[in-house]
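Trainee: Please take me through a close look at a single part of this model. I would like one connected account.

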Amino acid sequence: MKLLIVESPTKAKTISRFLGSGFKVQSSFGHLRDLPKSKMGVDVENDFAPSYVIPADKRKQVTILKKEAEKSDEIYYATDQDREGEAIAWHLAQILGDDPAKSKRITFHEITESALKEALENPRHIDMNMVDAQQARRILDRLVGYELSPFLWRKVAKGLSAGRVQSVAVRLIVEREREILAFKPEEYWTIEALLAKTDGKGDLTARLNKIDGKTLNKLALGTKSEMLPILKDLRSADYLINDAIKKEIKRNPLPPYTTSTLQQDANRRHGFSAKQTMMLAQQLYEGVELGGHGQIGLITYMRTDSVNLAEKFIGEAKNFIESEFGKEFLPPTTRRFKTKSKLAQEAHEAIR
C-alpha cells in the first residue's frame, strides 16, 4: 500500500478518483506543526532557530497519519507546489520520521489524471531551499508581530495584530497620506463645446486644444478671469470639422490570468475581496462535484505570477479550434505572452 498526503480533504477526494486500490489518500488539513502561540518560539541568540510544536487540535490527525504511514510501503507528499506546501511536506516528513533527502515529493499544476500520473512517475525530494524560504518568512512574521502587536495594543486598541506585511503597508499608507496633506492645489480651467451634428445623429463633444495655432498645456487657463473672455468668443464662433481621420485599430486578447489579475477582475466585475476570490479559486482548483462526473478540478493552480501556458494545453486548444471552427480561425503563429514584471518568479503556469 502507498500513502499519498495532500493538504485538504476536498483535494484528497478529487485525487482518489484517479488512483487505484494500491493508494491511500489522506489529508493533513493544512499545517501540522507551527511556532507556539504562548511564546516567541524563535531563539534569536542561536541563529534564529525555530521551536515547533503540534497544536492540540492537530494531534488527532497526526495520530491517523502515523498509523497510515506505518502500514505503507511508500509515502508521497503531494502538498501544494508553493513554499507553504513545500514546508508542510517537510513538517510531515519530520513528524512521520521520513528522511527529507530521500522522500518522494510530487507536484502538479492541475488536478487531472494525466497530470497526477506524470507527477507519480517523476517524484523528487523535498526542496530545502523552498522550505528555508518559508521558515524565514514565518520567523520574520513572528519577530515583527510579537514586537509590534503589544505596541498597537497600548497605543491603538487591544486585539490588533501587526506583522511582516501589515507593518510595511501601514508605512506606505502613512507616507502617501503625508504627500496628500502636503499637496498644494493649483487652479486651472478647461473648456468643452457640446456640438449638434448637422445630420441630427447625436452630439459631439470638442475640447479647446489650441488658440491661434498654439497648443494649450494643462495649466494654460489658470484662472476664471483668463477663461471667461475666451468662452465669450467661443459662444459666437462658427464650428467646422476641418478633418476626419478613420483608422483601423487592432485589439489583442488579454494575457491569461495570474493571481493579481484574477483578483482585480473578480473585484471589478463581482465586487469580491481578494480573500473571497482566493477561497473560491481554491475550491475550483481542488475540485467540485459535477453531476455524474464526480469531483473534478476546474482550474490550474491559482497562486502564480506567470502568463505562460503549457505546450500540451496549447496543442489541445489548437486542435479544438481547428476541428470546431476551422483552420482560418487559428493565428499563423502561436501567441505567447511575456511577464512584464522583472520580479516575477514564473514558477508555475498561468491560471486556466
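**Serine 28 and the cores**

Mentor: Beyond its neighbours within four places in sequence, serine 28 is in contact (heavy atoms within 4.5 Å) with Ile5, Val6, Glu7, Lys58, Gln61, Leu65, Ile88 and Leu92. This is a predicted model: local features need pLDDT of at least 70, side-chain atom pairs count only at pLDDT 80 or more, and totals for chains, interfaces and linings use all residues. Residues are numbered from 1 along each chain as its sequence is written, and side-chain values use heavy atoms, with hydrogens and water left out.

Serine 28 sits in the loop between strand 2 and strand 3 (42-43). Helices (H or I, at least four residues) and strands (E, at least two) are DSSP runs, numbered from the N terminus. Serine 28 is buried, at a relative accessible area of 0%. Buried means under 20%, exposed over 50%, partly exposed in between (1.4 Å probe, protein chains only). Its side chain reaches the backbone oxygen of glycine 30 at 2.8 Å.

Val6 also contacts isoleucine 15. Setting aside neighbours within four places in sequence, isoleucine 15 further touches Leu4, Val25, Phe108, Ile111 and Leu116.

Now the largest nonpolar core (buried Ala, Val, Leu, Ile, Met, Phe, Trp, Tyr and Cys residues joined through side-chain atoms within 4.5 Å). It has 24 residues; those touching the most other members are Leu4, Ile15, Leu19, Ile106, Phe108, Leu120 and Met302. Two or more residues each come from strand 1 (2-6), helix 1 (9-16), strand 2 (23-27), helix 4 (113-121) and helix 9 (274-286). Helix 4 gives the largest share, 4 residues. Another core, of 22 residues, lies apart from it and includes Leu35, Ala69, Ile75 and Tyr77.

Technical notes
Polar contact = N/O pair within 3.5 Å; in protein donor to acceptor, adjacent residues only side chain to side chain.
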